[in-house]
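Student: I have a structure open and would like to go through it by question and answer. Where do we start?

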Amino acid sequence: MTVKNIGGIEIWIQVRSNARSGLVVKPCGYHQLNAVAVLCRTLSTMTTKEAQLNHAAAAQPIFISTPILHSFITHKSLIHHLQSTLPTLSPTIHSPIRHAHQTSPSSSLLLMPSWSLSPSLPYVGIKLVTYYPNNSTLNLPGVQASYVLFNSLTGQPLASIDATELTLYRTSCVSALASFYLSREDSETLLMIGSGSLAPHLIKAHLSVRPKVKKVIIWNRTEEKARNLVEKMSNEGCFEGVCFESSGFLEEVVKVVDIISCATNSEIPLVKGVDLKAGTHLDLVGSFKHSMKECDDEAIRRGRVFVDNEAAMTEAGELVGAFERGVITKDEIAGDLVGLIKGEKPERKNSKEITVFKSVGSAVVDLLSAQLVYENYIKSEQ
């Protein structure tokens with residue numbers, strides 16, 4: 001019970017939590033309208049974030065499945081969210097080195113924690129990831145994940161999110177955001193190397209930042225999978241004026257396209273630097289350990305290289321190998337994604353420059369992506 005004094009009259013008010021609104025006030029006695037007015041004035045002083053925290057404190061943890069996730073995130077919305085929040089919020093986020101455990105000769109378990117005490121980002125989050133590259137034979141994603149979000153002020157669990165799909169959004173949107181700064185604005189052709197779960201997301205994300213792209217060519221070691229993805233993308237009908245086709249001649253296609261996006265598990269370089277035409281932007285997504293590489297040393301040597309974060313310089317096979325062989329030095333890495341957004345590092349210098357962006361993912365971007373989904377969900381429930 002709390003006491004409010006209105007015009008010299010004491011009003012006793014009973015306050016209890018409610019899962020939807022966060023607070024329910026029950027006036028005890030008379031002057032109920034005045035009591036409600038007290039509540040309205042109290043709630044009006046609360047920030048949106050505080051209201052959400054009140055909701056979270058009272059409600060049970062929610063589960064956001066893939067179908068629900070699609071209602072609260074798009075590639076465009078996440079790209080915009082990362083562009084606006086990464087420069088200001090990434091310094092407030094603590095993100096230890098990811099834990100990686102070999103669960104079998106071919107599979108791994110990764111744990112990616114992060115947390116922030118910022119009033120704008122009051123969350124603790126952890127992504128649990130399994131990597132099973134042989135799942136393609138079972139028609140299952142090679143990377144599967146779950147994300148758990150907590151309140152950083154109370155430690156209460158807020159949500160469990162199907163992060164298999166969230167990771168696909170996050171990874172593709174980081175690539176597209178980098179492409180916004182590094183690829184040519186007049187780019188008209190996109191080559192997608194790989195046709196796994198990430199490929200359609202990368203295509204959609206890249207198209208959202210480069211609307212002049214009119215042709216998408218898909219290559220995969222198994223040509224049937226490339227053709228299937230072409231059919232899928234063509235049938236979606238949301239890419240007016242864009243032509244999708246497959247090709248079995250990778251080297252020939254590399255020579256003529258404007259943007260190349262790679263999402264494979266390859267341990268043999270697929271993109272040869274000698275084949276890159278002037279002005280190409282090369283997006284490397286697949287590798288995250290030293291044995292993996294999607295391009296050769298010549299592509300790294302010819303390109304101006306950017307990374308999503310510092311971890312790429314110690315994890316990505318293309319870069320680690322290039323450092324070891326003296327192709328480039330760490331000091332020659334041109335910058336990272338946050339630097340590009342903030343304008344600290346020059347973007348594309350001219351239309352002839354070859355640019356390379358290598359990403360390995362980060363718990364920072366995971367937390368910001370989970371924030372967008374969770375807060376959009378909460379807003380929809382209010």
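**Aromatic pairs, sheet and cores**

Tutor: This is a predicted model. Counting rings whose centres lie within 6.5 Å, the protein has five aromatic pairs.

Student: What kind of aromatic pair do Phe 72 and Tyr 377 form?

Tutor: The ring centres of Phe 72 and Tyr 377 are 5.6 Å apart, and the planes make 70 degrees. Planes over 60 degrees apart count as edge-to-face. The pair of Phe 72 and Tyr 377 is therefore edge-to-face.

Student: How many residues apart are Phe 72 and Tyr 377, and where does each lie?

Tutor: Phe 72 is in the loop between helix 3 (66-69) and helix 4 (75-89), and Tyr 377 is in helix 13 (residues 363-381). Both residues are buried. The pair links distant parts of the chain, and the separation is 305 residues.

Student: Which parts does the pair of Tyr 123 and Tyr 374 tie together, and how many residues apart are they?

Tutor: Tyr 123 and Tyr 374 are also edge-to-face, with 5.9 Å between centres and 85 degrees between planes. Tyr 123 is buried, as is Tyr 374. Tyr 123 belongs to strand 8 (residues 123-131) and Tyr 374 to helix 13, so the pair joins parts of the chain separated by 251 residues.

Student: Which residues have the most contacts inside the largest nonpolar core?

Tutor: In soluble globular proteins, nonpolar side chains tend to be buried together. Here the largest nonpolar core has 52 residues. Helix 13 gives the largest share of this core, eleven residues. Those with the most contacts inside the core are Leu 82 and Leu 86.

Student: Which residues does Leu 86 touch, leaving out those up to four places away in sequence?

Tutor: One of the residues that Leu 86 touches is Pro 91. The others are Leu 337, Val 338, Ile 341, Val 364, Val 365 and Leu 368.

Student: How many residues are in the second core?

Tutor: The second core is separate, and its members include Ile 193, Ile 260, Leu 284 and Val 305. Its count is 31 residues.

Student: Which strands stand at the edges of the eight-strand sheet?

Tutor: The sheet is open and parallel, in the order 13-12-11-14-15-18-16-17. An edge strand has a single partner strand, so one side of it is left without a neighbour in the sheet. The edge strands are strand 13 (243-246) and strand 17 (335-336).

Student: Which residue of strand 13 stands opposite Val 216?

Tutor: Strand 12 (residues 215-219) pairs with strand 13 in the parallel sense over four bridges. Opposite Val 216, in strand 13, is Phe 244.

Student: Which strands does helix 5 touch, and what angle does its direction make with that of strand 18?

Tutor: Helix 5 (residues 163-182) packs on the sheet. The strands it touches are strand 14 (259-262), strand 15 (281-284), strand 16 (304-307) and strand 18 (355-358). The angle with strand 18 is about 160 degrees.

Student: Is Asn 265 buried, partly exposed or exposed?

Tutor: Asn 265 lies in the loop between strand 14 and strand 15. Its relative accessibility is 42%. Buried means under 20% and exposed over 50%, so Asn 265 counts as partly exposed.

Student: Which residues is Asn 265 in contact with, leaving aside neighbours within four places in sequence?

Tutor: Asn 265 and Ser 291 are 26 residues apart in sequence, with their C-alpha atoms 9.8 Å apart. The contacts of Asn 265 are Tyr 131, Pro 133 and Met 292.

Definitions and conventions: Residues are numbered from 1 along each chain as its sequence is written. This is a predicted model: local features need pLDDT of at least 70, side-chain atom pairs count only at pLDDT 80 or more; totals for chains, interfaces and linings use all residues. Side-chain values use heavy atoms; hydrogens and water are left out. Two strands pair if DSSP finds at least two bridges between them. Helices (H or I, at least four residues) and strands (E, at least two) are DSSP runs, numbered from the N terminus. Contact means heavy atoms within 4.5 Å. Axes are lines fitted to C-alpha atoms, for helices over the stretch in contact, and angles run from 0 to 180 degrees between N-to-C directions. Rings of Phe, Tyr and Trp (its six-membered ring) pair if their centres lie within 6.5 Å; planes under 30 degrees apart count as stacked, over 60 as edge-to-face and the rest as tilted. Buried means under 20% relative accessible area, exposed over 50%, partly exposed in between (1.4 Å probe, protein chains only). A nonpolar core is a set of buried Ala, Val, Leu, Ile, Met, Phe, Trp, Tyr and Cys residues joined through side-chain atoms within 4.5 Å.
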